[in-house]
Amino acid sequence: MKTIATDIRLAEPDDAAALAEVHEAAWLNAYSGLIPNRSLHAMVQRRGPDWWRRALHRGAAILVFQFDGRVAGYATLGRNRAPALLVDGEIYELYLQPEFQGLGFGGRLFRAAGSVLTRKGLKGLAVWCLADNERAMRFYAAIGGHDIAEGEECFEGTVLRKVGFIWPVDSRF
């Protein structure tokens, strides 16, 4: 019987191509039909391996989820960009390859990202997601997020509502 190992670790420059692959598959899966096609494909194309390599060289905090040695997901994280939310940390992105969604790996990656933020001294965290992304909305609500803010994103004249979730300062990840 083969044992399959999973791991969550900090991304390295050698992960750039795999990060670009996960980004493309996850974004096309999550946002096709929500974000206008031209905008969506432009955003995906902009995030190729060179973009990820540069982000890592600049010190971006990126965690990768590995399944059997393959990068199957990632989370980007850092200081909260919306001070009105009254938490210090933020998970900017959390994505898995479509075939790894719904299996509990997203929750593991979320908790690992929350722990990294806590170790950096950032208390509580925020996450934003598009309101029409029903799967993400259910995910963040199911793992204890408090839906407390709304905003908008505009793509090619299409205005999409986004929702801000927080996990308060006293949350344990």
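## A tour from W27 outwards

Start by selecting W27, which is found in helix α1, where a helix is a DSSP run of H or I with at least four residues, a strand is a run of E with at least two, and both are numbered from the N terminus. Residues are numbered from 1 along each chain as its sequence is written. This is a predicted model, in which local features need pLDDT of at least 70 and side-chain atom pairs count only at pLDDT 80 or more, while totals for chains, interfaces and linings use all residues, and side-chain values use heavy atoms, with hydrogens and water left out.

Is W27 buried or exposed? W27 is buried, with a relative accessible area of 11%, given that buried means under 20% relative accessible area, exposed means over 50%, and partly exposed lies in between, for a 1.4 Å probe and protein chains only. Now show the residues around W27: apart from its neighbours within four places in sequence, W27 is in contact with S32, L40, M43, V44, Y74, E93 and Y95, a contact being heavy atoms within 4.5 Å. If you then pick R9, which is 18 residues from W27 along the chain, you will find that the two C-alpha atoms are separated by 22 Å.

Stay in helix α1, which covers residues 16-31, and select A18. A18 is partly exposed, with a relative accessible area of 22%. From A18 you can draw a distance to G78, which is 60 residues away in sequence and 21 Å away in space, C-alpha to C-alpha.

Next, move to helix α2, residues 37-46, and select S39. S39 has a relative accessibility of 14% and counts as buried. Which residues does S39 touch, if those up to four places away in sequence are not counted? The answer is F155 and E156, and these two lead to the next stop.

Select strand β6 (residues 146-155) together with β7; the two run antiparallel and are joined by nine bridges, and strands count as paired if DSSP finds at least two bridges between them. The bridge partner of F155 is T158 in β7. Two residues lie between the strands of this hairpin, in which E156 takes a positive phi near 50°.

Now select the whole of strand β7, residues 158-167, which is mostly covered, with seven of its ten residues buried. Strand β5 (residues 125-130) also pairs with β7, in the antiparallel sense and over six bridges. To see one position in detail, select L130, which stands opposite K162 in β7.

Finally, zoom out and colour the protein by its elements, of which there are five helices and seven strands. From the N terminus on, these elements run β-α-α-α-β-β-β-α-β-α-β-β. The radius of gyration, taken over C-alpha atoms, is 16 Å, close to the 16 Å that the globule rule (2.2 Å times the number of residues to the power 0.38) gives for 173 residues, so the protein is as compact as a globular protein of that length. Along the principal axes, the C-alpha atoms fill a box of roughly 45 × 40 × 35 Å.

With the whole protein still selected, note that 46% of its 173 residues count as buried. Among the contacts with a separation of 6 or more, 65% are made by residues 24 or more positions apart.
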